[in-house]
Amino acid sequence: MFNLETYLQKRRDAINQAINDLLIEMVPGGRLLMAMRHSLDAGGKRLRPVLCMAAAEAVGGSPASALFPGCAIEFIHTYSLIHDDLPAIDNDDMRRGRPACHTAFDEATAIFAGDALHTLAFEVLASQKTDGISPEQQLRIIGIIADATGNHGMIEGQMRDILAQGDALTIDDLRSLHMLKTGALIKAAVVTGALCGNGNERQIKALETYAANIGLAFQVTDDILDIKGNPELMGKAVGMDERLKKATYPGILGLDESEALVRELVEESLQAIDPLGKAAEPLRAVADYIAQRNH
């Protein structure tokens, strides 16, 4: 029987070691490195690089082929959290149970640490760390991640999130916002893994559908946990969405319907990867984990 916790721990150990190796090799010592490490070492779930490696495995490739691209995506995700916590955006002093980067250091250092992580991600993606991936695949992956990160993806979603504070959004508006803010980078992680594993276009299409659904399920679950989550387990305050007057799924649909939506999205994600067979078992387990997580 597949044991998700054992699988996740094995993958996280490899990811954490690779992140450490990349920082030692590619980032000079000093205050900037300290701030980058502060946020990277805060014990995140490493969901995006895990998904990247699991997607490579699902199409018959080696998970190791997606390790460094997955780390690059984790750098981008961590940079986004550093900037999200800033006083000008979410104004959150805690992240993953420890002081946010700007609280531990200062706002300027936090901004620079985020900028450096964003840049480092593309330095990794353009390097020989992606050995075994053809130049054509490497270029395609860089384009996919850039698209998912910038004004066509995550940053556009963050901008819409800020502009929507205090506004009454429709459920379609909210879905579009979160497909950009949260879903785009998750989808990029899964597609990147499929490309690293030399997946064919049919497999990639199935994984895109999977990723779109779990990306949205992840965000809906986040909204639910901001209401009923345990701050000690989550490592940050709850109730922030209400204080910031953010539109949320529970706010529009109610808690029960939001929880039902998560189950529906997970079921659609599982149906999408059914043709991939046993090789996609880790992806199935991750989808269930997203629906059931408590932090």
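This report describes the fold, the hollows and several single residues of one predicted model.

## Overall fold

The protein chain carries 15 helices and two strands. Its C-alpha atoms fill a box of roughly 50 × 45 × 35 Å along the principal axes. The radius of gyration is 18 Å, which agrees with the value near 19 Å for a compact globule of 295 residues.

Of the 295 residues, 54% count as buried. Contacts across the sequence are prominent in the count: among contacts with a separation of 6 or more, 72% join residues 24 or more positions apart. The accessible surface comes to about 12900 Å². Carbon and sulfur atoms hold 53% of that surface.

## The largest cavity

The structure holds three cavities of 30 Å³ or more. The largest cavity has a volume of about 90 Å³. It is lined by 13 residues, and the closest to its centre are S39, D85, R95, A100 and C101.

Three elements give two or more residues to this lining: α2 (31-40), α4 (67-84) and β2 (98-99). Helix α4 gives the most, with three residues. By class, the lining of the largest cavity has six nonpolar, three polar and four charged residues.

## The second largest pocket

The second largest pocket has a volume of about 240 Å³. Its lining counts 13 residues, with D147, A148, A184, K187 and A188 the closest to the centre. Helices α7 (135-149), α9 (171-196) and α10 (201-228) are the elements that give two or more residues to the lining.

Helix α9 supplies the largest share, six residues. The class make-up of this pocket lining is seven nonpolar, three polar and three charged residues.

## H152, in the loop after α7

H152 sits in the loop between α7 and α8 (154-163). Its relative accessibility is 54%, so H152 counts as exposed; the cut-off is over 50%.

Beyond its neighbours within four places in sequence, H152 is in contact with D147 and L180. D147 is also among the residues closest to the centre of the second largest pocket. L180 is 28 residues from H152 in sequence, and their C-alpha atoms are 7.4 Å apart.

## I186, in α9

I186 lies in helix α9, the helix with the largest share of the lining of the second largest pocket. At 0% relative accessibility, I186 counts as buried.

Leaving aside neighbours within four places in sequence, I186 is in contact with R48, L51, A211, I214, G215 and F218. Q138 is 48 residues away along the chain, and the C-alpha atoms of I186 and Q138 are separated by 18 Å.

## I133, in the loop before α7

I133 is in the loop between α6 (107-125) and α7. Its relative accessibility is 9%, so I133 counts as buried, the cut-off being under 20%.

Past its neighbours within four places in sequence, I133 is in contact with S65, P69, Q138, I141 and C196. G61 is 72 residues from I133 in sequence, with 11 Å between their C-alpha atoms.

## Two residues with positive phi

Most residues other than glycine have a negative phi. R96 is not a glycine, yet its phi is positive, at about 55°. R96 is in the loop between β1 (94-95) and β2. With a relative accessibility of 22%, R96 counts as partly exposed.

N198 is a further case: its phi is positive, at about 60°, although it is not a glycine. N198 lies in the loop between α9 and α10. Its relative accessible area is 53%, so N198 is exposed.

## Summary

The predicted chain has a radius of gyration that agrees with a compact globule. Helix α4 gives the most to the lining of the largest cavity, while α9 gives the largest share to the lining of the second largest pocket. I133 and I186 are buried. H152 and N198 are exposed, and R96 is partly exposed.

Notes:
Residues numbered from 1 in each chain as written. Predicted model: local features only at pLDDT ≥ 70, side-chain atom pairs only at ≥ 80, totals over all residues. Heavy atoms only, no water. 1 Å grid on protein atoms, 1.4 Å probe; cavity = no way out; pocket = protein on both sides within 12 Å on 5 of 7 lines; lining within 4 Å. Points joined across faces, edges and corners; volume = space filled by probe spheres on them. Helix = DSSP H or I, 4+ residues; strand = E, 2+ residues; numbered from the N terminus. Nonpolar A, V, L, I, M, F, W, Y, C, P; charged D, E, K, R; others polar. Rg over C-alpha atoms; globule rule 2.2 N^0.38 Å. Buried < 20%, exposed > 50% of the residue type's maximum accessible area, 1.4 Å probe, protein only. Contact = heavy atoms within 4.5 Å. Areas by Shrake-Rupley, 256 points an atom, 1.4 Å probe, with all protein chains shown as cover.
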